[in-house]
Amino acid sequence: MTQSLHPSAQKGFSLGAELYQQVRPSYPPEILVWLQDQLKVGENSTVIDLGSGTGKFLPFLLQTQAKVIAVEPVTAMREQLQQSYSTVECLQTSSDQLLVKDESINAIICAQSFHWFSNIETLKEMYRVLIPAGHLGLVWNQRDITVDWVKALADEIAPFEADTPRYHSEKWKQVFEQQQLFQFNGLQTFQLQHTGTVEQVVSKRLLSTSFIAAMPEHQQQQLKARFEQIVFDFTGRTAQDQIDFPYTTFAYHFQKIAK
């Protein structure tokens, strides 16, 4: 691998891979239609799931009947993926060294991952492996901070972010400026509710955040208690009560520009 991982990703996702798999939400069902209609993913497609993590997005790609190649650099995350999806080809490599042939891939999907490797080297490598007019999809689930208690939780964790790459910073967009590799074809948004106990879908979900998962255990447990207190203060619900955690899913569609 030629690219070095951000320390928050390397440590947090190595230590927290199992928790990530357990507590992260899936994606809204509409994303399947988006894959098929916008990105033209189907049974004759070969698709890369780049930064596949524990494989949270794989069920949607597999439903399209496409041939799927998962790419994940963190060993612990890849091991979780392979436990659940033993038949999916999985490469341990970086985003700027994809180990596939030129113009052999119909679409690349980055679900909850592109902010980690939003650099020109990655765009050039994507361009190399995609077929002419091939598709690039960038997908993120984002907590809906228009809800008061969700905003309070976001404010609680913000001071710990430091220089960790994040979707909401929008720094990942900078790589698409001053380049002639990909054109922007559109953005669709969907609503998603992650339902479960407060502990499962709120406090433990937030503990799976890269820079929190990299913290010492005692600090994580202090934050867990704080998250649960915030939810209780706003909603009256305790750790074992059911709650709907609201998300907005952002799905960006780019397409390879012909040279």
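## Exercises on a predicted methyltransferase-type model

The span 49-136 is 30% helix and 27% strand, and its end C-alpha atoms lie 10 Å apart. Those boundaries come from UniProt, where an unreviewed entry carries the annotation "domain: Methyltransferase type" for residues 49-136. Keep in mind that this is a predicted model.

**Exercise 1. Work out whether the radius of gyration of the protein chain agrees with that of a compact globule.**

Start with the length: the chain has 259 residues, so a compact globule would have a radius of gyration near 18 Å. Next, take the value for the protein chain, which is 18 Å, and the two agree. For the outer dimensions, the C-alpha trace spans about 55 × 40 × 35 Å along its principal axes. Now look inside: buried residues make up 56% of the 259. Finally, check the contacts with a separation of 6 or more: 78% of them join residues 24 or more positions apart.

**Exercise 2. Describe the secondary structure, surface and charges of the protein chain.**

First, go through the elements: there are ten helices and seven strands. Then take the accessible surface, about 11700 Å², with 48% of it belonging to carbon and sulfur atoms. Last come the charges: the chain has 21 positive and 27 negative side chains, and the centres of these two sets lie 3 Å apart.

**Exercise 3. Classify Thr 46 and His 135 as buried or exposed, and list what they touch.**

Begin with Thr 46, which sits in strand β1 (residues 46-50). Its relative accessible area is 18%, and buried means under 20%, so Thr 46 is buried. Leaving out residues up to four places away in sequence, Thr 46 touches Lys 67, Ile 69, Ser 104, Ile 105, Asn 106 and Ala 107.

Move on to His 135, in strand β5. With a relative accessible area of 9%, His 135 is buried too. Under that same sequence exclusion, its contacts include Gln 38, Leu 39, Lys 40, Asn 106, Ala 107, His 253 and Phe 254. Asn 106 and Ala 107 therefore turn up in both lists. As a distance check, the C-alpha atoms of His 135 and Phe 245 are separated by 31 Å, with the two positions 110 residues apart along the chain.

**Exercise 4. Which residues of α7 are buried, and what do they pack against?**

Pick out the buried positions: Trp 149, Val 150, Ala 152, Leu 153, Ala 154 and Ile 157. Then find their partners: the buried residues of α7 pack against the strands β5 (130-143) and β7 (242-256) and the helices α8 (198-207), α9 (210-213) and α10 (217-235).

Now follow the chain onward into the loop between α7 (148-157) and β6 (182-197), where Gln 178 lies. Gln 178 has a relative accessible area of 83%, so it is exposed. Its C-alpha atom is 36 Å from that of Leu 153, and the two residues are 25 apart along the chain.

**Exercise 5. Find where Gln 65 and Glu 170 lie, and say what is notable about phi in each.**

Start from the background: most residues other than glycine have a negative phi. Gln 65 has a positive phi of about 75 degrees although it is not a glycine. Gln 65 is placed in the loop between α4 (58-63) and β2 (67-71), and at 54% relative accessibility it counts as exposed.

Repeat the steps for Glu 170, where phi is also positive, near 65 degrees. Glu 170 lies in the loop between α7 and β6. With a relative accessible area of 41%, Glu 170 is partly exposed.

Notes. Residues are numbered from 1 along each chain as its sequence is written. This is a predicted model: local features need pLDDT of at least 70, side-chain atom pairs count only at pLDDT 80 or more; totals for chains, interfaces and linings use all residues. Side-chain values use heavy atoms; hydrogens and water are left out. Helices (H or I, at least four residues) and strands (E, at least two) are DSSP runs, numbered from the N terminus. The radius of gyration is taken over C-alpha atoms; the globule rule is 2.2 Å times the number of residues to the power 0.38. Buried means under 20% relative accessible area, exposed over 50%, partly exposed in between (1.4 Å probe, protein chains only). Contact means heavy atoms within 4.5 Å. Accessible areas come from the Shrake-Rupley method with a 1.4 Å probe; for residues, only the protein chains shown count as cover. Lys and Arg count as positive and Asp and Glu as negative; His and the chain ends are not counted. The place of a charge is taken as NZ of Lys, CZ of Arg, CG of Asp or CD of Glu. UniProt positions are given in the numbering used here, feature names are shortened, and annotations may be inferred rather than shown by experiment.
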